[in-house]
Amino acid sequence: MPNILIVEDERPIADLIRMSLKTAGYSCAWAADGDQAADMAASTPYDLALVDVMLPHLDGFALLDYFQTLALPVIFVTARSAVQDRVKGLKLGAEDYIVKPFDVAELLARVETVLRRFQKTQEVITLAGLRVDPKAHQVWRGEEEIALTPKEYDLLLLFLHNPNAALYRDTIYERVWGGELAYGSKTVDLHVQRLRKKVGWEKALQAVSKVGYRLEVTP
């Protein structure tokens, strides 16, 4: 299970990120300032750090420099939206730069992308009655292996990485197919219907009125 360090001085935002990561199956810890984050990273191995730029004692840019000596990848999550700040963060070596307020689904997708880049994703995902091996692209329900098309598989992973979150059709289409969903298109709905039947999610994968779909997962 990937272990993620959240470096954020605003408790409500830190709690939101921590809850979202834990629901998606990640282990995480929280540091409220730059000095605390540096101490924690020095004593505990983390797979990824989500770092605010404006922090007490040691700002995010300085912290990034230290984290690089530990080979710890960083995603900035900050309210500093100016282009020069984004460019600075990326040029200094951040893997990504997310501006607050952010969409939780987008944050989780970017976290997964960076972890995959560093080959730190989960070996096997066990959730909602399924067992999924991301490296082998294999899906099982019990002892039965389920054959999915590439798009059905990508759709499956999107829901597994965002359990209990209502995902808009536009968001689903962007993450799985790329681009914008054409007005009146039934692509998402048709693929969801097929996925439901194939993996046995007739009850778990629920339609959300005027939004899209949500994978209901009980603790």
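Here are three short exercises, with worked solutions, on a predicted model.

**Exercise 1.** Work out how strands S1 and S2 pair, and how the chain gets from S1 to S2.

*Solution.* Start by finding the two strands: S1 covers residues 3–7 and S2 covers residues 27–31. Next, look at how they're joined: there are five bridges, and the strands run parallel. For a spot to check by eye, find Val-7, which sits opposite Ala-31 in S2. Now trace the chain: after S1 it goes through helix H1 (residues 11–23) before reaching S2, a β-α-β crossover that is right-handed.

**Exercise 2.** Decide how helices H3 and H4 are arranged relative to each other, and list the residues that make the contact.

*Solution.* First, locate H3 at residues 60–69 and H4 at residues 83–92. Their axes come within 10 Å and cross at roughly 15 degrees. Angles under 35 degrees count as roughly parallel, so that's what we call H3 and H4. As for handedness, H3 passes H4 in a right-handed crossing. Then pick out the contact: H3 supplies Phe-61, Leu-64 and Gln-68, while H4 supplies Asp-85, Lys-88, Gly-89 and Leu-92. Sort these residues and you get three nonpolar, two polar and two charged.

**Exercise 3.** Find what is notable about the backbone at Pro-101 and at Ala-71.

*Solution.* Take Pro-101 first, in the loop between strand S5 (96–99) and helix H5 (104–117). The peptide bond leading from Lys-100 to Pro-101 is cis, with omega near -10 degrees. Now move to Ala-71, in the loop between H3 and strand S4 (74–78). Ala-71 isn't a glycine, yet its phi is positive, about 55 degrees.

Technical notes
Residues are numbered from 1 along each chain as its sequence is written. This is a predicted model: local features need pLDDT of at least 70, side-chain atom pairs count only at pLDDT 80 or more; totals for chains, interfaces and linings use all residues. Side-chain values use heavy atoms; hydrogens and water are left out. Two strands pair if DSSP finds at least two bridges between them. Helices (H or I, at least four residues) and strands (E, at least two) are DSSP runs, numbered from the N terminus. A crossover is right-handed if, with the strands pointing away from the viewer, the path from the first strand over the helix to the second runs clockwise. Axes are lines fitted to C-alpha atoms, for helices over the stretch in contact, and angles run from 0 to 180 degrees between N-to-C directions. Angles under 35 degrees count as roughly parallel, over 145 as roughly antiparallel, 65 to 115 as roughly perpendicular and the rest as oblique. A crossing is left-handed if the near helix is turned anticlockwise from the far one by less than a right angle, and right-handed if clockwise. Contact means heavy atoms within 4.5 Å. Ala, Val, Leu, Ile, Met, Phe, Trp, Tyr, Cys and Pro count as nonpolar, Asp, Glu, Lys and Arg as charged, and the others, Gly among them, as polar.
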